[in-house]
Amino acid sequence: MAAQASAASVHRGPVFSMKGVTKVYAMGEVEVHALRGVDLELHEGEFTVLLGPSGSGKSTLLNILGGLDRPTAGRVTYREGDLSEAGERALTRYRRRHVGFVFQFYNLIPSLTARENVALVTEIAGDPIAPEEALALVGLKYRLDHFPSQMSGGEQQRVAIARAIAKRPDVLLCDEPTGALDISTGIAVLGALERVNSELGTTTAVITHNAAISAMADRVISLADGQITSDVRNATKQPAATIEW
Amino acid sequence: MKALDRKLLRDLWNVRSQVLAIALVVSSGIALLVMAQGVFGSLLTTRDAYYTRYAFADVFAGAKRVPNWIEERIAAIPGVRQVQTRVVVSVSLDVPGVTDPVNGRLISLPDRGRPALNDLALRRGRFLDPDRAEEALVGERFAEAHGLDLGDRLFAVINGRRQPLEIVGVALSPEFVYGIGPGELVPDPKHFGFLWMTRRHLATAFEMEGGFNDVALTLADDSPSLERAAIVELDAILDPYGGLGAIPRADQTSNWYLENELTQLENMGLLVPLIFIAVATFLLNVVLRRTVAVQREQIAALKALGYSNLRLGIHYVQWAVVVVALGALLGIGAGLLLAEAMLGLYMEYFRFPLLIYNVSASSILIAVGVSLVAATVGALGAVRSVVSLPPAEAMRPAAPETFRVSLFERLGARRWLSQPARMVLRNLSRRPVRAGLSIVGIAFAGAIMVVGSAMMDSMDELLEVQFNIIQRQDLSVSFFEPVERSAVHELAALSGVLQVEPTNGVAARLRNGHLQKQTAIQALAPDARLQRVVDVDYRAIRLDRPGLVLSTLLAEQLQVEPGDTLMVEIMEDGRPVREVVLTDTVDDLLGVTAYMEQESLRRLVRRDDTISGAMLKIDSLAEERLFGLLKAMPAVAGVTLRSAALENIQTYMLDNMSMMMSVNLLFAVIIAFGVIYNTARISLSETSRELASLRVIGFTRGEISSILLGELGILTVASIPLGLLLGYGMIAGVMSAFESELFRLPVVVDPNTFLVSAATVLGSMAVSAWTVRRKLHDLDLVAVLKTRE
């Protein structure tokens, strides 16, 4: 499938394209409509913030983009590949080669040090950045041999970012990356994301319910009740360091 | 039902496969205990009832020929309650259609009425008609082995003459519960049988009219001093009539074997059940610790709602109670079934006319109680840490686990290890005690397998030594009376006989101070080749010095060492007592024996140069014809085939051992599966979040499986050598516990036994891994990202 297409190939179309995507979960005997016919395109190098209250469907959207979930109906393509039709193996391969994830609770491996958590990914990637270099990029070159339990939340999240970008992903997907952090450490994390986006040119999507973060984005998409309610392009991007909430 | 009890049931249901696995381990321990106790109790009760109802005698004695009027003198011995005199003769039997040599013992029954002692239980047919000379009763196993029916005829060969016998009944006697023939280890009803005839007719056939050659008596009470005194008196009375020395009930052959078996059963039922219970306790502790860790916040909430520490403690202890109760239910059921199956096997070799099931309730209660206490301790250990936390603190997530670089990595292996391999090592080394106990638990499974199979190996070795190194004759011949040595030449002259060696023996009492032992001294030629004395390295010992050689065990019993002098009382006319030097001891494996060079023995006994039997090596093609010729020789009392004896023992072993082996295999698999499966489930529960995270960032199912299974693999592989070692230690312990006058099993473990043990453990691991791997496929990748641990 085309999802395997080399990340290096020059491509001018949208990176992601969603057409009429719906997602229905069966929660016991109740059906929950998490997405109701979403159309969306994300472009190369864009820093997008997906904004919405909890239950708006933003996480579902991100999970589908990341190959963790499949839509109930509609079509999702990554470059020329069809994610909505891909099988379990193909999705695993897609995540492995093209996607970097950052989660609210970091999801680091507690038994591995910062360097080793990053190495976890570089060992299975084709053309990775050295773990030390990736950690330096997020400002953690002095914490290489610390275990997660020896680091603060913000530091752990930055390790998670380093882990996500070390394989040079085509797209970086972040789910509430600052959700578990206080403001100052949250800003350090956002700074790291900003730097990755600008220095590596990685297409980045951040979902959050924190509207303040949208100031640093190229594009802000708002969701409510499973539908896109607005799609705005920022005229100027505000540096992460100046954001306040 | 209280809400908390509902929670208990649902929690248990959620981990039902783990609960079941632990309950099975508990049940294995209880089943083993119930089985051993059930078989022991039932055999003991059955034996006692049988002995009482059928008046099994207290003292037995044989003699050459005693006039009938002596019976009154015996009855007059102080403390004697009842006396039974009999005629007992060994004969060779001719069973129509059977070519193998068959030997038998003919025992007289009173002309009128039932025997006052050692009464028979009639299984089929009727008692003897005193007016009919040819009527006989046969023992049940003999009848079964030859398919004999009422009205069938067979022949006793008496002085070369065939005396026809008509079977009118099939019977059992308390004297022959374990109906073993002379020189046999295991009853061989195909080649040896017991028959009963009316006294008058038997005496006539054997020229024993007006006399008897066997006496049994009961005593007024069972005090040892009375028994000793009666034996001394009886010996004195029978002395002039060729008394062979009286023996107490304890030394009576069948009873002695039965007693030995009971002792083994009694000892067997303890160690192994305890291992199972210990392993179950450990598993319960681990599973509960994990459950409590996961439910930390629930516990805090419950405490915030007002539940007391005690109530919560009880809640988790109930877990243990449910598991033990389930295990006890299964275990008692399985134990009773196993006991019945085992008893069925015993009834094949030990014959009773009745069977009284007796499983002592108290032993079962103790087993369940011990399991319960152990499990409760395991549960409390797990719960205490959480219950003692203040609710507010418990409400917060537990501090993240701290990890270290494992020792193995620090030793320099780190650079070679992939990140997943490091995860495996660090997970293991974070809980070294738990990993260690898991290894020990799995090792027990391997050890149980080793013990089971090594029993077989030892038996094989024993048979190999006994039947290929020590006894190398094809058949042995015994005579009614000692005959001239020239008989050797007669035997050698028979066509088909390749080699002949005389055997000679004398019944004797060996004494050292107050210690004494009744046995037979076997005479051997210095250059004997067909029957030899071999040392612990299986090298033949040359008997060329005058003096005794004793089995090491016998020498220990008599507390003598080479160089010491023993008093030897010869159980023949006049019962002379001689001093003999112990020249050597030999670590033999079967029986306890005294050996002497034949010429020295002859001088000791001061008798003519006679022999009591012979060993023959023969041409197998001439076998059948030779049996006929030997039976026709008037002097020949019996012919025994070595191959038949060997085959019989092997059948016995296969019968007994194959059941034990299957039970062992089952239990080993249960324990291995119990430990490995629980370890796998726990580590899955502990690492599922990490594993799901890895799946999210692109690891395949195969890759995360290898992390989880790598941990199991390391535990399992590490357990194998330990299991083999433990097994070897246990088998050495078991063998020394089994050491008896009957046999000493050499500690021999065939390499295949180790292989089978390792394979069983690895197989159990494969099944556990397969079961858990399916759970890995169901990991919820999305949920894991949304929750904090």
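**How the helices and chains earn their labels**

Q: Is the passage of H2(B) past H19(B) left-handed or right-handed?
A: H2(B) passes H19(B) in a left-handed crossing. The word applies because the near helix is turned anticlockwise from the far one by less than a right angle. Keep in mind that everything here describes a predicted model.

Q: Why are H2(B) and H19(B) called roughly antiparallel?
A: The axes of helix H2 (residues 16-53) of chain B and H19(B) cross at roughly 150° and come within 9 Å. Angles over 145 degrees count as roughly antiparallel, so H2(B) is roughly antiparallel to H19(B).

Q: Which residues make this contact, and how do they divide by class?
A: From H2(B) come B:Gln18, B:Ala21, B:Ile22, B:Leu24, B:Val25 and B:Ser28. H19(B) brings a list that includes B:Phe667, B:Gly674, B:Tyr677 and B:Arg681. By class, the contact has nine nonpolar, four polar and one charged residues. A label that may surprise you is the one for Gly, which counts as polar here.

Q: What makes H14(B) and H20(B) oblique to each other?
A: Helix H14 (residues 432-470) of chain B and helix H20 (residues 701-738) of chain B pack at an angle of about 45°, with their axes 6 Å apart. Parallel needs an angle under 35 degrees, perpendicular 65 to 115, and antiparallel over 145. An angle of about 45° fits none of these ranges, and the rest count as oblique, so H14(B) and H20(B) are oblique.

Q: What else describes this pair, by handedness and by class?
A: H14(B) passes H20(B) in a right-handed crossing. Their contact has 22 nonpolar, seven polar and no charged residues.

Q: How do you know that A:Val189 is buried?
A: A residue is buried if 20 or more other C-beta atoms lie within 10 Å of its own. A:Val189 has 25 such neighbours, so A:Val189 counts as buried. The residue sits in helix H6 (residues 183-200) of chain A. Outside its neighbours within four places in sequence, its contacts include A:Gly154, A:Ile161 and A:Pro177. A:Ile161 is 28 residues away along the chain, yet the two C-alpha atoms are separated by 8.2 Å.

Q: What makes chain A agree with a compact globule?
A: With 245 residues, a compact globule would have a radius of gyration near 18 Å, and chain A has 17 Å, so the two agree. The C-alpha trace of chain A spans about 45 × 40 × 40 Å along its principal axes. In chain A, 53% of the residues count as buried, and the chain has six helices and ten strands.

Q: What does chain B look like, in box, burial and elements?
A: Its C-alpha atoms fill a box of roughly 100 × 55 × 55 Å along the principal axes. Of its 789 residues, 44% count as buried. Chain B has 22 helices and 22 strands.

Q: Where do chain A and chain B touch, and which element of chain B gives the largest share?
A: The contact takes 24 residues from chain A and 20 residues from chain B. On the chain B side, helix H13 (419-430) and helix H19 (642-696) give two or more residues. The largest share, five residues, comes from H13(B). By class, the chain B side divides into eight nonpolar, seven polar and five charged residues.

Conventions. Residues are numbered from 1 along each chain as its sequence is written. Chains are lettered from A and ligands numbered from 1 in the order in which they are written. This is a predicted model: local features need pLDDT of at least 70, side-chain atom pairs count only at pLDDT 80 or more; totals for chains, interfaces and linings use all residues. Axes are lines fitted to C-alpha atoms, for helices over the stretch in contact, and angles run from 0 to 180 degrees between N-to-C directions. Helices (H or I, at least four residues) and strands (E, at least two) are DSSP runs, numbered from the N terminus. The radius of gyration is taken over C-alpha atoms; the globule rule is 2.2 Å times the number of residues to the power 0.38. A residue is buried if 20 or more other C-beta atoms lie within 10 Å of its own, exposed if 12 or fewer, and partly exposed in between; C-beta atoms are placed from the backbone. Two residues are in contact if their C-beta atoms, placed from the backbone, lie within 7 Å.
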